Amino acid sequence: MQAAATQDVRHNWTLAEVNALYALPFNDLLFQAQSIHRQFFTPNEVQISTLLSIKTGACAEDCKYCPQSGHYNTGLERERLLEVEKVLTQAAAAKAQGASRFCMGAAWSNPKQRDMPYIIEMVKGVKELGLETCMTLGMLDNTQAQMLAGAGLDYYNHNLDTSPEFYGEIITTRSYQDRLDTLSHVRDAGMKVCCGGIVGMGESANDRSALLMQLANLPEHPQSVPINMLVKVKGTPLENVDDLDGFEFIRTIAVARIMLPQSHVRLSAGRSRMNEQMQALCFFAGANSIFYGDKLLTTDNPEANADMQLFAKLGIKPEQRADVSDEAHELALADAINEQVNPPLYHAAQ
Ligand code: SF4
């Protein structure tokens, strides 16, 4: 019988090593990933986050996968920055449904100074509700990162998207180095980093390995690593790109788990296209975070109650925050399962 693998936390991966992991027989790769997962995390627990689009569309960047880019006509309805009160109402609803983290996303290249007071109020208000906070607002300078950290923001999301080599095929309006700089400002300000990428954009297998190598070789591993499967949106330049094989996606989750053993690996955009069995394999491969609800920014997310049913089938429990009592959390989730309703947790972003 094969011995369970052990894994050190490394920052010196080579492309050859990553490619070798991808090339393992599927069952060996998943066994290794699951073994490592159990060294660092409680099995059968998945962290649940809720995501709200606080400003939608008309983004100045040209990310070729994104319906929110102002460069493409996808029919997306544009929305200004939401009022603070509305954001807090949505956050309270998310908490009542069992979310432990509330993520707020704005389609900006970077926040303007005039937006910062509102953003700060949102962070403080959501924190006061007892939720962890995460924001994704585009590039940050050092001062903005310090301001957000001062307001109590727990996580900042800024993805690397793909490999440095393929990046120019996807985005031309900002550089890979711009992204690394923002990540560095976030780390220096003491916030946790949420950083991952997207697969299925027409990149090569080497590009997928190189993305994971970039993430794992950062000075600190991102605490949260979203692995997205491209959602092809009509009107974007990637609307007709070839589908990525599902096994290649599961392998990417498994390799991420092995290389980033302490990070939450998030099954993120694209989950709505995956059946229950594929999601179950992703959890086995080491994914331990999802977005919960009916919208994931502007792409569909499986219905909230479908998530709870899948959790029940798999014996998975939502990961709890230390400061949330078992009883309160269990009650909220029991409500979610029993009611079988699909409340409008999300601002209708499309
Ligand atoms: S991914 Fe973000 S930065 Fe890129 S176009 Fe979409 S909203 Fe803008």
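Two residues are taken to be in contact if their C-beta atoms, placed from the backbone, lie within 7 Å. With that criterion in hand, one can begin at helix 5 of this predicted model, whose buried residues pack against helix 4 (116–128), strand 3, strand 4 (155–157) and helix 7 (176–188). Helix 5 itself covers residues 142–151, and the buried residues in question are Q144, A145, M147 and L148. Seen down the axis of helix 5, these buried residues fall within an arc of 160 degrees, so they line one face of the helix. On the other side of helix 5, by contrast, T143 and G150 are exposed. After the helix comes G152, a residue whose phi is positive, near 105 degrees.

Strand 3, one of the elements against which helix 5 packs, runs over residues 132–136 and holds C134. This cysteine leads to a set of annotated positions, since the unreviewed UniProt entry places the feature "binding site" at C103, C134, C194 and R266. These positions span 164 residues in sequence, yet no two of their C-alpha atoms are more than 13.9 Å apart, so they gather at one spot.

Within this set, C134 and R266 can be described one after the other. C134 has 24 C-beta neighbours inside 10 Å, and because a residue with 20 or more such neighbours is classed as buried, C134 counts as buried. When neighbours within four places in sequence are left aside, C134 is in contact with S49, R101, C103, D154, Y155, N157 and C194, and two of these partners, C103 and C194, also belong to the annotated set. R266 lies in strand 8, which covers residues 264–267, and it too counts as buried, with 25 C-beta neighbours inside 10 Å. Again leaving aside neighbours within four places in sequence, the contacts of R266 are G196, S224, V225, P226, I227, A287, S289 and I290.

Several of those contacts, including S224, V225, P226 and I227, are residues of strand 7, which spans residues 224–229 and has 6 of its 6 residues buried. Both faces of strand 7 are covered, with S224, P226 and N228 buried on one side and V225, I227 and M229 buried on the other. Strand 7 pairs in the parallel sense with strand 6 (residues 197–199), over 3 bridges, and in this pairing V199 has M229 as its bridge partner.

Other contacts of R266, among them A287, S289 and I290, direct the reader to strand 9 (residues 287–291), which pairs with strand 1 in the parallel sense over 3 bridges; in this pairing Q47 stands opposite S289. Strand 1 covers residues 45–55, and 10 of its 11 residues are buried, so that the strand is mostly covered. Strand 1 is also joined by 6 bridges to strand 2 (residues 101–106), with the two strands running parallel, and here S49 stands opposite R101; both S49 and R101 are among the residues in contact with C134. A further parallel pairing, over 2 bridges, links strand 1 to strand 12 (residues 317–318), where P318 is the bridge partner of V46.

From strand 1 the path continues into the loop between strand 1 and helix 3 (84–96), which is where C59 is placed. The same loop, between strand 1 and helix 3, also holds C66. Both residues carry an annotation, since the unreviewed UniProt entry gives "binding site" for C59, C63 and C66. C59 is buried, with 21 other C-beta atoms within 10 Å, and C66 is likewise buried, with 28 other C-beta atoms within 10 Å. Not counting residues up to four places away in sequence, C59 touches Q68, S69, G70, A107, W108 and S109.

This leads finally to the ligand, which is surrounded by C59, E61, C63, C66, Q68, S69, A107 and G138. The three annotated cysteines C59, C63 and C66 are thus found in this shell, and Q68, S69 and A107, which are contacts of C59, belong to the shell as well. By residue class, the shell around the ligand divides into 4 nonpolar, 3 polar and 1 charged.

Note on methods: Residues are numbered from 1 along each chain as its sequence is written. This is a predicted model: local features need pLDDT of at least 70, side-chain atom pairs count only at pLDDT 80 or more; totals for chains, interfaces and linings use all residues. A residue is near a molecule or strand if its C-beta atom, placed from the backbone, lies within 6 Å of it. Ala, Val, Leu, Ile, Met, Phe, Trp, Tyr, Cys and Pro count as nonpolar, Asp, Glu, Lys and Arg as charged, and the others, Gly among them, as polar. UniProt positions are given in the numbering used here, feature names are shortened, and annotations may be inferred rather than shown by experiment. Helices (H or I, at least four residues) and strands (E, at least two) are DSSP runs, numbered from the N terminus. A residue is buried if 20 or more other C-beta atoms lie within 10 Å of its own, exposed if 12 or fewer, and partly exposed in between; C-beta atoms are placed from the backbone. The arc is that of the directions from the helix axis to the C-beta atoms. Two strands pair if DSSP finds at least two bridges between them.
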